Amino acid sequence: AWTVLRRSAPLALGAAVYQINVMIDGLMAEGLLPDGGPTCYYYAGRLQQFPVAMVAVAATSAVFPLLQAHAQGRDFMATRKLHDRTQRAIAFWALPATCGLWILAEPVVSGCLGGGEFGPEGVARTSEALRLLALTILPVGASGLLARTYYSMGDMKTPVRISSVMLIANVVLNVVFIRNFGMD
């Protein structure tokens, strides 16, 4: 039982780092952004999650069993080829999704959220946040697949280390962009 727990703890932590990042972003938005900013960030994040799930999470989840089969069979060339092919597929879908969200951010936000108390200012602020969050679709997909590839090969520590560095970088960049560049 301890062996399973010891091996699965890094996997759970590595998988949770993205959610921890989202939570920290929300807390930082609450503390650093002017009124309405946390709500705009929250809504933009929810809209950004749709293409992330459709592209990155779907592809990564679909190939993980085969990655694991190749790695456990010690066929590292097949593991590498599958990883590379999947990374290209994620990029093939993530780049147009990013461009589409960037270009159509305002109509998407207006159509999904506009009206009532959520007026033009909320649409404009949320659209800008969505544009910037759209830039993360490809990196989220790439890092998710990379982590799953390491896990399939039995390396539970490298993804946690990388995720921890990314978490710290995210916090630093949040402060820099909000405090130094006045981003809302």
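**Figure 1. Glu-121 and Arg-125 pair within helix 4 of this predicted model.** Let us start in helix 4, which covers residues 120–134. Because Glu-121 and Arg-125 are four residues apart in this helix, about one helical turn separates them. The two residues form a salt bridge, and their closest N and O atoms are 3.8 Å apart. How accessible is each partner? Glu-121 has a relative accessible area of 56%, so this residue is exposed. Arg-125, in contrast, is buried, with a relative accessible area of 15%. As general background, side chains of opposite charge can pair when their charged atoms come close.

**Figure 2. Glu-128 and Arg-131 form another salt bridge in helix 4.** Staying in helix 4, we come to Glu-128 and Arg-131, which lie three residues apart, or about one turn of the helix. In this salt bridge, the closest N and O atoms are 3.7 Å apart. Is Arg-131 buried or partly exposed? Its relative accessibility is 16%, and the cut-off for buried is under 20%, so Arg-131 counts as buried. Glu-128 has a relative accessibility of 41% and therefore counts as partly exposed.

**Figure 3. Arg-80 meets Asp-84 in helix 3.** Now for a salt bridge in helix 3. Both Arg-80 and Asp-84 belong to this helix, where they are four residues apart, about one turn. How far apart are the closest N and O atoms of Arg-80 and Asp-84? The distance is 3.1 Å, and the two residues form a salt bridge. Arg-80 is exposed, with 53% relative accessible area, while Asp-84 is partly exposed at 23%. With this pair in view, the count of salt bridges in the model comes to three.

**Figure 4. Helix 2 packs with helix 3.** Here you can follow helix 2, made of residues 37–72, and helix 3, made of residues 76–113. Their axes are 8 Å apart and meet at an angle of about 170 degrees. That angle is over 145 degrees, which means that helix 2 is roughly antiparallel to helix 3. What kinds of residues make up the contact between helix 2 and helix 3? By class, there are 21 nonpolar residues, six polar residues and no charged residues.

**Figure 5. Arg-74 sits in the loop between helix 2 and helix 3.** This view turns to the backbone. The phi angle of Arg-74 is near 60 degrees, a positive value in a residue that is not glycine. For background, most residues other than glycine have a negative phi. Is Arg-74 buried or exposed? With a relative accessible area of 62%, Arg-74 is exposed.

**Figure 6. A nonpolar patch on the surface.** Which residues form the patch? They are Trp-102, Ile-103, Leu-104, Leu-132 and Leu-135, and together they have about 470 Å² of accessible area. Helix 3 supplies the largest share of the patch, with three residues. One of the patch residues, Leu-104, is located in helix 3. Leu-104 counts as partly exposed because its relative accessibility is 43%.

**Figure 7. Leu-130 and Tyr-43 are 87 residues apart in sequence.** Back in helix 4, look for Leu-130. This residue is buried, with a relative accessible area of 0%. How far apart in space are Leu-130 and Tyr-43? Measuring from C-alpha to C-alpha in the model, the answer is 8.4 Å.

**Figure 8. Tyr-41 and Gly-26 are 15 residues apart along the chain.** In space, the C-alpha atoms of Tyr-41 and Gly-26 are separated by 7.6 Å. Tyr-41 is found in helix 2. At 19% relative accessibility, Tyr-41 counts as buried.

**Figure 9. Six helices and zero strands make up the secondary structure.** To finish, step back from the close-ups to the protein as a whole. Along the sequence, the pattern reads α-α-α-α-α-α. What box do the C-alpha atoms fill? Taken along the principal axes, the box is roughly 55 × 30 × 30 Å. The protein has 184 residues, of which 36% count as buried.

Terms used:
Residues numbered from 1 in each chain as written. Predicted model: local features only at pLDDT ≥ 70, side-chain atom pairs only at ≥ 80, totals over all residues. Heavy atoms only, no water. Axes fitted to C-alpha atoms, helices over the stretch in contact; angles between N-to-C directions. Helix = DSSP H or I, 4+ residues; strand = E, 2+ residues; numbered from the N terminus. Parallel < 35°, antiparallel > 145°, perpendicular 65-115°, else oblique. Nonpolar A, V, L, I, M, F, W, Y, C, P; charged D, E, K, R; others polar. Patch = residues over 30% accessible without salt bridge, like charges linked within 9 Å, V, L, I, M, F, W, Y side chains within 5 Å. Areas by Shrake-Rupley, 256 points an atom, 1.4 Å probe, with all protein chains shown as cover. Salt bridge = Lys/Arg side-chain N within 4 Å of Asp/Glu carboxyl O. Buried < 20%, exposed > 50% of the residue type's maximum accessible area, 1.4 Å probe, protein only.
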